[in-house]
Amino acid sequence: MAFDIDMIKTVYANIAEKVEAARKIVGKPLTLSEKILYSHLWDGKATEAFVRGKDYVDFAPDRVACQDATAQMALLQFMHAGKPKVAVPTTVHCDHLIQAKVGAEADLKRANQTSNEVFDFLESVSNKYGIGFWKPGAGIIHQVVLENYAFPGGMMIGTDSHTVNAGGLGMVAIGVGGADAVDVMAGMAWELKFPKLIGVKLTGKLSGWTAPKDVILKVADILTVKGGTGAIVEYFGEGATSMSCTGKGTICNMGAEVGATTSTFGYDESMDRYLRATDRADVADAALQVKEHLTADSEVYANPEQYFDQVIEINLSELEPHLNGPFTPDLATPISKMSEAAKENDWPLNVEVGLIGSCTNSSYEDISRAASLAKQVADKDLKMKSEFTITPGSEQVRYTIERDGFINTFNTIGATVFANACGPCIGMWDRYGDKAADGPRNTIVHSFNRNFAKRADGNPNTLAFVGSPELVTAIAIAGRLDFNPVTDKLINEEGEEVMLDEPRGYELPPEGFAVEDAGYIAPKEDGSGVEVKVSPTSERLQLLAPFEPIKPEQLQGMKLLIKAFGKCTTDHISMAGPWLRYRGHLDNIANNTLIGAVNAFNKKTNFVKNQLEGEYGGVPDTQRAYKADGTKTIVVGDHNYGEGSSREHAAMQPRHLGVAAVLVKSFARIHETNLKKQGMLALTFADESDYDRIQEDDTFNFVDITDFSPNKPLTIEVIHSDGSKDNIIANHSYNDAQIGWFKEGSALNVIKRENA
Ligand code: MIC
Ligand code: SF4
């Protein structure tokens, strides 16, 4: 139905020749990542070998996927591109705007009422421009993509950082900002710095309580939240082939949490099985024909050190179940050490809620294994100690697990089944009503991917730990963070000591997947007559006005908006949760700009000095005052600034309010690109310690901005309030085309001019 077998056959028809050309040019055996990248060059066959981590390369991705929260801005921009139809297969998925409160049916109904204006907008734009539309309740973008569109050896981009999930089916799938998606939808090349390559060799085999999730929790421990930046992580080895395709998806999904450009696995039989089970025997047959090109050359995995920039080895037979958190996904604790760690850090041991599902972990395998534990609650006369919720990843999974009795099993332990949507994973969880901001200190465990402060329920005092669905279920049964199901006993209602049996499940449904209405709506063949309506008085949607270029003279006499202290993710820059409702209205959502960032001078959030008045105020108000005054500002930040989401709002909002430059120790990849696309200056300190020189009352002059050119750092004169000066050297990674975006005000302004 919704996938495009002809497109896939075309990719496979040319793959042998393209891979061979690349192998010749590179002069050595190729990794899978290189095969996919070189077979998707915009210019066709490889004619030069690219330098990893350095060369900007133009690619031709096979498809695009967008989710409702980012698609609004992406499509508002696409409407300016002057094209009648998207140039490559594209889909829109309604998943982020559905709030979890009481349960699937009621929640979905409420979302369809409260967000119908946005869903209607997305549906009509999709219909007009030839985009496939997945309606609210159909499922979470990445699960739906894995079930319907992902294919081994393919390349796709998506306006969501977890697009990387499709690596589980052997793709190079990359999360981008909406403006990047516009390039590809408009039929233009998509640019990416040729990634570095990290190889992860998996030896041994998973067993017992250990799950694929534990592999990525361990990788996050090793690489940290920024260790994968600019790299593709390629997994291989007997441990990789012995794992299910959806388990591979979980590992790739959370590659976003180590900052990796994407992650992928070589083609194997688990992929063949998954393709056939999801009704794509034709794709499976086609892949089988070219399978040697869908994995690395054999020499590569035999001597990985020679072909990857970094190699990590993990023995799955020795891997323990982990819980990562709180507040960052790379703080890993093996379950056997949790008791100690929790005591040391004073983490509340009582677990209030266990949440399973999400795009990361709601495969049939995950759910069936979790259900095997839920079943033991009645069998062993236990009583659930924590609340328990499930968010299925797609209607197909939900329908199938209901048919197979798992939902019923979960119901018997008092679980709440939320809609097939993001819900509690993205702060769309009405746990505390309007009292979230100062909710009680408490612990939750979930099988999602991110656990930044406030991420799940808006309460800064919720400590969220990430684990496999199996471990989350066991911990919810026990109600304790330090429960180790491998060794610990529980006391049942009879006062007897019992142990939970190891989880058991099915890789794929023994009776196949089933679904009545998957939730897909195909676009009209000819959408030219479809009218897209945006009310000028809407508080949810606002048509975009082009950004004016930032002129060199505006970059003199600039003021500091905020020097952010410590972690500053996209959730700190443009919070999600309740703010998701303004994702299509730039001016309204701008009222959350940087309200989560910690001011380095007073360690408070949303409390910065307005240098015009000398008073302190919230970040958005202060910035609006600078804007009204015609004063441009700069934001200063620490390492991995903009980590997390692909949301380009984190760049467009500051841009809209008049921030001209962001100067940090280092950037997360997608955010850096988003800033460039919106015509801003994304700069890094040449000397990190210069961060400490920046004072609250500083004035900034970009003294050599008229010479802005590739590979040439910029000099910023910083004038302190006592009249003393520092010259700070700022590095940048702009190439000529990107400098063009800056000069014309945005990448979209360039597309518009070219298509005029
Ligand atoms: C997320 O997981 O943070 C999101 C919400 O899916 C984002 C996209 C968004 O901000 O809309 C992402 O990961 O890119
Ligand atoms: Fe949705 Fe969470 Fe997945 Fe993002 S990570 S797509 S918010 S379920």
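1. Gly-204 sits in the loop between strand S8 (196-203) and H8. The model is predicted. Gly-204 has a relative accessibility of 17%, so it counts as buried. Outside its sequence neighbourhood of four places, Gly-204 touches Glu-238, Gly-239, Ser-242, Asn-315, Leu-316 and Ser-317. Take Glu-238 from that list: 34 residues separate it from Gly-204 along the chain, and the two C-alpha atoms are 6.6 Å apart.

2. Next, the far side of H8. Thr-224 falls in the loop between helix H8 (212-223) and strand S9 (231-236). Its phi is near 65°, a positive value in a residue that is not glycine. Most residues other than glycine have a negative phi, so check this one in the viewer. Is Thr-224 buried or exposed? Neither label fits: Thr-224 is partly exposed, at 31% relative accessible area.

3. Asn-711 also has a positive phi without being glycine; the value is near 60°. Asn-711 belongs to the loop between strand S28 (699-702) and strand S29 (714-719). With a relative accessible area of 77%, Asn-711 is exposed.

4. One peptide bond deserves a look. Gly-325 and Pro-326 are joined by a cis peptide bond, with omega at about -5°. Most peptide bonds are trans. Pro-326 is placed in the loop between strand S12 (322-324) and strand S13 (332-334).

5. Now ligand 1. Which residues come nearest to ligand 1? There are 14 residues around it, and the nearest are Asp-160, Ser-161, Arg-455, Ser-645 and Arg-647. By class, this shell holds 2 nonpolar, 7 polar and 5 charged residues.

6. Three short distances involve oxygen atoms of ligand 1. A side-chain N or O atom of Arg-647 is 2.5 Å from a ligand oxygen. For Arg-450, again through a side-chain N or O atom, the distance is 2.7 Å. Ser-646 uses a backbone N or O atom instead, at 2.8 Å from an oxygen of the ligand. On its own, ligand 1 exposes 330 Å², and the protein buries 97% of this area.

7. Thr-262 is part of strand S10 (residues 262-265). How accessible is Thr-262? Its relative accessibility is 1%, so it counts as buried. Beyond four places in sequence, Thr-262 touches Val-164, Val-172, Ala-173, Ile-174, Ala-231, Ile-232 and Val-233.

8. Thr-400 belongs to helix H16 (residues 395-403). At 0% relative accessibility, Thr-400 is classed as buried. Sequence neighbours up to four places away aside, its contacts are Tyr-364, Pro-509, Gly-512, Phe-513 and Ala-514.

9. Asp-404 follows in the loop between H16 and helix H17 (406-412). Here the relative accessibility is 23%; Asp-404 counts as partly exposed because buried requires under 20%. Which residues does Asp-404 contact beyond four places in sequence? They are Tyr-364 and Pro-509. Both of these names also appear among the contacts of Thr-400. Asp-457 is another matter: it is 53 residues from Asp-404 along the chain, and their C-alpha atoms are separated by 31 Å.

10. Leu-544 lies in the loop between strand S21 (520-521) and strand S22 (558-563). Its relative accessibility is 13%, so Leu-544 counts as buried. What does Leu-544 touch outside its own stretch of four places either way? The contacts are Met-73, Leu-76, Gln-77, His-80, Leu-586 and Met-652. Met-73 is 471 residues away in sequence, with a C-alpha to C-alpha distance of 8.7 Å.

11. Last, the annotation. An unreviewed UniProt entry lists residues 558-687 as "domain: Aconitase A/isopropylmalate dehydratase small subunit swivel". In the model, this range is 28% helix and 22% strand. The C-alpha atoms at its two ends are 21 Å apart.

Technical notes: Residues numbered from 1 in each chain as written. Chains lettered and ligands numbered in written order. Predicted model: local features only at pLDDT ≥ 70, side-chain atom pairs only at ≥ 80, totals over all residues. Heavy atoms only, no water. Near = heavy atom within 4 Å. Polar contact = N/O pair within 3.5 Å; in protein donor to acceptor, adjacent residues only side chain to side chain. Areas by Shrake-Rupley, 256 points an atom, 1.4 Å probe, with all protein chains shown as cover. Nonpolar A, V, L, I, M, F, W, Y, C, P; charged D, E, K, R; others polar. Helix = DSSP H or I, 4+ residues; strand = E, 2+ residues; numbered from the N terminus. Buried < 20%, exposed > 50% of the residue type's maximum accessible area, 1.4 Å probe, protein only. Contact = heavy atoms within 4.5 Å. UniProt positions renumbered as here; feature names shortened; annotations may be inferred.
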